Amino acid sequence: MTSTNTPIIQLSNVGKSYGNISALRDVSLTVRQGEVTCILGDNGAGKSTLISIIAGLISHDQGTYAVDGAPMHFTSPRQALDLGISAVYQTLALVPLLSVWRNFYLGSEIRKGSGIFKRLDVKTMQQTAEREVERMGINIPDLEQPVGTLSGGQRQVVAIARAVHFGARVLILDEPTAALGVTQSGLVLRYIATAAREQGIGVIFITHNPHHAYMVGDHFMVLSRGEVELDTPRADLSLEDLMFHMAGGAGLNALQHELHRGEPTTAGQAA
Amino acid sequence: MNAITESVETRVKRRQLQQTPLWKRILKRPEVGALGGVILVFAFFYVMAPPFRQLSALSTVLYQASILGIPAVAVALLMIGGEFDLSAGVAVVSSSLAASMFATEVTGNLWTGILLALVLSLAIGALNGYLLVRTKLHSFLVTLSTFLMLQGLNIAITKLVTGNVATEDISGMVGFDLGQRIFASNFHLFGTTVSIAIVYWLIFAVIATWVLLRTRMGNWIFAVGGQGDSARAVGIPVKRVKIGLFMVVGFSCWFTGMHMLFAYDTVQSGAGIGNELLYIASAVVGGCLLTGGYGSAAGSALGAFIFGMTTEGVIYADWDPDWFMFFVGAMLLLATVFNGWLRIRALSRSK
Ligand SMILES: Nc1ncnc2c1ncn2[C@@H]1O[C@H](COP(=O)(O)OP(=O)(O)OP(=O)(O)O)[C@@H](O)[C@H]1O
Ligand SMILES: [Mg+2]
């Protein structure tokens with residue numbers, strides 16, 4: 001916690017192909033304690049593929065992936081979770097017909113009793129789930145409610161609260177604020193900042209919103225068609241630079257010109 | 001932080017909201033439709049068939065229900081886990097055949113036959129599960145194949161071994177009495193004869209319900225059937241859960257097979273066909289969703305009870321037994337429509 005620069009996760013030249021589609025090539029990334037790494041890029045750039053590898057959902061077929069210096073080749077997200085690496089997937093990975101608290105603890109259930117009488121500790125799980133979801137700023141009246149009956153944003157909050165609760169060392173968020181209102185987005189961003197600065201958690205934050213990214217990011221990586229286009233610390237980058245890269249570099253100027261016919265707007269004013 | 005102070009108020013509000021009345025919570029359970037069905041069917045035959053009103057009739061009904069219900073409990077677990085087993089009906093017979101023939105023709109010892117049958121039944125389940133996760137085919141296809149293969153093997157091997165379509169009588173063998181006492185004995189209760197199969201059935205239903213609602217494995221079964229990808233993403237060993245569920249069905253087939261063997265002493269090699277659909281129907285009437293992720297083990301017991309009442313009710317009412325299948329079909333249709341409606345209500349946002 002004290003030494004903020006210890007690398008937890010190190011990827012070197014990682015690649016992944018689906019059949020003959022190469023989704024990711026030559027990606028190197030270091031996630032350090034207490035640092036927020038933002039990954040940006042167009043749709044289909046390979047962001048979700050990259051974090052799926054880190055979270056153990058799929059395995060890479062090129063390069064190396066090391067946690068605390070030890071090379072890893074996860075075959076199940078369980079292995080990543082056991083190392084304190086947890087993710088909010090873009091698809092959220094919730095089970096619609098299961099209740100909120102069961103979803104929250106799915107795969108990491110708290111149990112009591114022993115031997116064949118080992119059973120779920122329902123009360124503890126319900127109370128913790130309630131507290132954690134509330135901390136993210138939403139109110140779910142009934143924790144027994146199936147997740148499928150929640151609104152898209154509420155579902156997202158449940159998934160985030162869950163990842164936050166179990167992501168003891170590395171927290172991966174794939175577009176967590178996509179379906180959220182202003183208040184909840186704010187809470188999530190604030191949480192990301194506190195988790196990193198105060199608890200020393202390494203955060204990987206994927207977003208299409210450069211303002212959100214710039215607010216919390218310490219390090220920025222822009223992916224483009226499976227390759228790293230930009231990889232730079234915050235110190236070397238302004239918000240304008242970041243937006244420029246995200247929008248596809250020079251393409252943005254042309255687009256702006258086309259849309260505004262030379263009106264004197266800069267991208268930064270959009271905030 | 002602002003959110004913290006807010007949460008205290010919302011928590012108070014929530015406490016009031018959580019006081020959902022008991023009857024409303026019961027109405028949200030998957031088995032509530034089957035419970036209604038039990039009452040209706042019972043009332044129907046109570047009125048239509050005077051002999052149905054006797055206590056001994058109830059014992060017979062429950063016995064019929066237990067023969068269906070033991071595999072149906074396991075099939076319900078499997079269906080909640082998102083899969084089907086069409087081979088369960090003939091697998092029961094495969095198990096009795098294996099036990100009987102291995103004991104009479106090979107070792108001369110009943111217990112080795114019983115043990116071999118257990119291994120075989122678990123292996124059939126494991127094979128179904130393994131083929132499923134390996135080929136990624138729909139379980140309907142995989143188990144349809146094993147169903148047809150077992151159906152053929154049951155008759156072909158029996159003919160090969162005994163030269164007959166049925167197995168030899170095992171009632172003279174050493175250990176038969178003990179085996180019968182374990183698997184197929186009767187006892188007296190309130191002046192009627194009650195089969196021990198009923199007791200086993202109820203025990204299995206209670207255990208399965210407890211596992212589903214109160215254990216980690218139960219949580220995993222719901223998750224695997226409800227959204228397999230999400231289950232995998234949180235680290236649940238989806239494949240192992242599925243194979244395990246098929247093996248539980250295998251175990252239930254073995255148990256039923258042993259009951260049948262010790263109740264009838266011989267086994268007809270062509271029997272069992274069609275029962276797999278009754279197991280599935282019991283589970284569905286009991287609230288299981290064909291697509292998985294939703295259902296109840298207790299509900300499957302209620303479903304089996306409904307079919308038990310119908311089988312016997314038709315006989316007590318002195319109708320042609322062929323009516324039974326008509327009733328099964330009609331009830332399945334009614335129950336699925338009703339359960340679907342209930343589920344939509346349960347999953348709707350209203351309190
Ligand atoms: N299971 C899969 N099978 C085949 N191709 C895949 C699979 N998953 C992803 N891809 C391909 O890999 C590429 C990268 O996809 P990925 O989901 O990582 O993009 P992304 O950067 O997360 O996009 P978005 O911003 O839309 O979420 C895409 O071209 C996609 O079609
Ligand atoms: Mg994505």
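**Close-up views of chain A**

**View 1. Strands β1 and β4 of chain A form an antiparallel pair.** In this predicted model, β1 covers residues 7–18 and β4 covers residues 62–67, and five bridges join the two strands of chain A. One of the residues involved is A:Gly15, whose bridge partner in β4(A) is A:Gln62.

**View 2. Four strands of chain A make up an open sheet.** The strand order is β2-β1-β4-β5, and the pairing is antiparallel. The edges are occupied by β2 (21–32) and β5 (70–71) of chain A. Each of these edge strands has a single partner strand, so one side of each is left without a neighbour in the sheet.

**View 3. A:Thr37 is a buried residue of chain A.** A:Thr37 belongs to strand β3 of chain A, which runs over residues 36–41. The relative accessibility of A:Thr37 is 0%, and because buried means under 20% relative accessible area, A:Thr37 counts as buried. Leaving aside residues up to four places away in sequence, A:Thr37 touches A:Leu29 and A:Thr30. The other residues that A:Thr37 touches are A:Val203, A:Ile204, A:Phe205 and A:His219.

**View 4. Helix α1 of chain A is mostly covered.** The helix comprises residues 47–54, and seven of its eight residues are buried. The buried residues in α1(A) are A:Lys47, A:Thr49, A:Leu50, A:Ile51, A:Ser52, A:Ile53 and A:Ile54. Just after α1(A), the backbone at A:Gly56 adopts a positive phi of about 85 degrees.

**View 5. Chain A, shown as a whole for orientation, contains nine helices and twelve strands.** The C-alpha trace of chain A extends over about 70 × 40 × 40 Å along its principal axes. For 271 residues, a compact globule would have a radius of gyration near 18 Å, and the 20 Å of chain A agrees with this. Of the 271 residues in chain A, 52% are buried. Among contacts in chain A between residues at least 6 apart in sequence, 64% join residues at least 24 apart.

**View 6. The surface and the charged side chains of chain A are shown together.** The accessible surface of chain A amounts to about 11800 Å², and carbon and sulfur atoms account for 51% of this area. Chain A carries 21 positive and 25 negative side chains. The centres of these two sets are 10 Å apart.

How values were computed:
Residues numbered from 1 in each chain as written. Chains lettered and ligands numbered in written order. Predicted model: local features only at pLDDT ≥ 70, side-chain atom pairs only at ≥ 80, totals over all residues. Heavy atoms only, no water. Rg over C-alpha atoms; globule rule 2.2 N^0.38 Å. Buried < 20%, exposed > 50% of the residue type's maximum accessible area, 1.4 Å probe, protein only. Contact = heavy atoms within 4.5 Å. Areas by Shrake-Rupley, 256 points an atom, 1.4 Å probe, with all protein chains shown as cover. Lys, Arg positive; Asp, Glu negative; His and termini not counted. Charge placed at Lys NZ, Arg CZ, Asp CG, Glu CD. Pairing = 2+ DSSP bridges.
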